[in-house]
Amino acid sequence: MIDLSALREKPTLSGEHVRLVPVSEEHADDFYASMRDEEVRRLTGTHRRFGYAEIRRWCATRAEQLDRVDLAIIERPTGRFVGELALNDIDADNESAAYRIALSAIEFTGQGLGKEATRLVLEYAFDHLGLHRVWLDVYAFNMRAIAVYRACGFSVEGRLRDALLWEGRRHDALIMAVLESDYRKAAG
């Protein structure tokens, strides 16, 4: 059974290379800068340009959200903001939630930060929230992210054809999910 009360207290999760902390107004400047990075926008399929006041307000209201968890990814030991992630679209009846993660710049890829952050969130999702399934969508051209998700136990469940139109080209999105049993095998 899923424990929705756990969503009231936003967790801080620590690993060897990253610390995940609740998104708050203090992360607005970094979050805004990441949303202006063109490669981050492409990888996340973000067409809309958000204003600073909108980002600041969004960051400031994350703690109030009782149906999701939004966490900033902080690099250890530097304390540098390297991205953010969320468990959202939580379906208590089916013990399922959506997952998304975005590193704030390409310079942070390839260092294992996203993989460690994903593993920390999956541990929280399965051990503390009581979820059975965590799913995501990822654009088929994002091979690096797909490899990370596979390493964390995710499997491809389907394909959304031509889901993203970016600079005149259409791209498929993959639906991937990890069940608690898959996660236990991958973490094994």
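This dialogue reads the pocket and one helix of a predicted model.

Trainee: What should I know before starting?

Mentor: Residues are numbered from 1 along each chain as its sequence is written. In this predicted model, local features need pLDDT of at least 70, side-chain atom pairs count only at pLDDT 80 or more, and totals for chains, interfaces and linings use all residues.

Trainee: How is a pocket found, and what volume does the largest pocket have?

Mentor: Rolling a probe the size of a water molecule over the atoms shows where empty space is left. A pocket is an open set of points on a 1 Å grid over the protein atoms alone, where a 1.4 Å probe fits, with protein on both sides within 12 Å along at least five of seven lines. Volume is the space filled by probe spheres set on the points, joined across faces, edges and corners. Here the largest pocket has about 1,100 Å³.

Trainee: Which residues lie nearest its centre?

Mentor: Thr-44, Arg-100, Ile-101, Ala-102 and Leu-103 do, out of 47 lining residues. Lining residues have an atom within 4 Å of a point. β5 gives the largest share, six residues. Strands are DSSP runs of E, at least two residues; helices are runs of H or I, at least four; both are numbered from the N terminus.

Trainee: Is α4 mostly covered or exposed?

Mentor: An α-helix has 3.6 residues a turn, so residues three or four places apart point the same way. In α4, twelve of 17 residues are buried (under 20% relative accessible area, 1.4 Å probe, protein chains only). Among them are Leu-113, Ala-117, Leu-120 and Tyr-124. Just after α4, Gly-130 takes a positive phi of about 80°.

Definitions and conventions: Side-chain values use heavy atoms; hydrogens and water are left out. Buried means under 20% relative accessible area, exposed over 50%, partly exposed in between (1.4 Å probe, protein chains only).
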